[in-house]
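Reader: I am new to this structure and would like a careful look at a single part of it. Please take me through that part slowly, and then show me how it sits in its surroundings.

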Amino acid sequence: MRVFFKQIHLTVEFLAYDEALGTTLVALSLFGACIVLSVTIVYRMHRDTALVKANDRGLSFLIQLSLVITLLTSFLFAGKPKEWSCQIRQVTLALGFSLCLSCILGKTFALLLTYRGSKLKAAEKHDHISMQSFHQKLLVLISMIIEVCICTAYLTCIPPYVYKNMEFQNVKIILECNEGSIEFLCTMFGFDVFLAVLCFITAFIARKLPDNFNEAKFITFGMLVFFIVWISFVPAYLSTRGKFKVVVEIFAILASSFGLLGCIFLPKCYIILLKPERNTEEIMSVCNCDMKLLYNNYRKKLKN
């Protein structure tokens, strides 16, 4: 008796660079990175103006760097999954958002102290003048050290790997990345969520600070966009299969990055490029959130 086996050719599915969807997402990623670099050039050319110097320009450059990193992580999610790309893509994304959110937190915390300090008496005000540029950068450094430790433990204990998924379709092999430890992954991005919540709370409180360009208002709106995108991402990600899961994640990365870019930097670029008469020390003096400068201005008013 002869037994004949029918040969079945299985196709491999992943989000390729050369297909329309992959090309579009990668192009949007490059476009966003170019916009961020353009903003960086504008900031560099006008680095000595009042608006750029307000609330630590160094943090602004770090935020721009982190947005470039998060936008370019789309290249790691698209294409054929490999061991190295599976291991670094989520880590790179988490570190990029940690850098971005910790820098924003440094800005909003300084704005919050300015808002609270403006309500105090002169004798008490000096005790609140502690959030200098060094302390803002120290906050960023501590946040990044915590995130790096979490990412290192994640890659050391249960690293991601390439997985050939045949559970949902018998005629296709879905080539994807198995993220390894879900607990470590949730901890890694949970810390980013924690930073985002702190950013929103501090910015929301400091939005009432009276000045001619209150950055907290734009940061508050940017964090709302960030939350809306990622809250919408969770059900969409869980309800998709195959390469469309990668598409949903890339779309969330691009949307949240573009949202932060547009809300935080575009209003400033508008004033720098189109309204230069508003970019002066006299007009922007109140919005300069250096606590020491605010205190000196307050003392001058008391003498007068």
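Which residue does the disulfide join to C86?

Author: In this predicted model, the disulfide joins C86 to C177, and the distance from S to S is 1.8 Å. The structure holds one disulfide, so this bond can be followed as a part in its own right. A disulfide is a covalent bond between the sulfur atoms of two cysteines. Here the bond links distant parts of the chain, for C86 lies in helix α5, which covers residues 83-117, whereas C177 lies in strand β3, which covers residues 172-178, and the two cysteines are 91 residues apart.

The torsion about the S-S bond of C86 and C177 is about -75 degrees, and the disulfide is therefore left-handed. As for the two ends of the bond, C86 has a relative accessible area of 0% and is buried, while C177, at 10% relative accessibility, counts as buried because the cut-off for that word is under 20%. A further cysteine, C100, is in no disulfide, and the nearest cysteine sulfur to it, that of C103, is 7.2 Å away; since a disulfide requires two cysteine sulfur atoms within 2.5 Å, that distance does not qualify. C100 is likewise buried, with a relative accessible area of 1%.

From C177 one can go on to the strand that holds it, β3. Strand β1, which covers residues 11-13, pairs with β3 in the parallel sense over three bridges, and within this pairing T11 of β1 has K172 of β3 as its bridge partner. Strand β2, which covers residues 161-165, is joined to β3 by five bridges, and these two strands run antiparallel; Y163, for its part, stands opposite E176 in β3. The strand that carries C177 is thus paired with β1 as well as with β2, because each pairing has at least two bridges.

To set this part within the whole, the secondary structure of the protein chain comes to 13 helices and three strands. Buried residues make up 45% of the 304 residues in the chain, and C86 is one of the buried residues. Among contacts between residues at least 6 apart in sequence, 77% join residues at least 24 apart. Finally, the accessible surface of the protein chain comes to about 15,900 Å², and 68% of that surface belongs to carbon and sulfur atoms.

Technical notes:
Residues are numbered from 1 along each chain as its sequence is written. This is a predicted model: local features need pLDDT of at least 70, side-chain atom pairs count only at pLDDT 80 or more; totals for chains, interfaces and linings use all residues. Side-chain values use heavy atoms; hydrogens and water are left out. Helices (H or I, at least four residues) and strands (E, at least two) are DSSP runs, numbered from the N terminus. Buried means under 20% relative accessible area, exposed over 50%, partly exposed in between (1.4 Å probe, protein chains only). Contact means heavy atoms within 4.5 Å. Accessible areas come from the Shrake-Rupley method with a 1.4 Å probe; for residues, only the protein chains shown count as cover.
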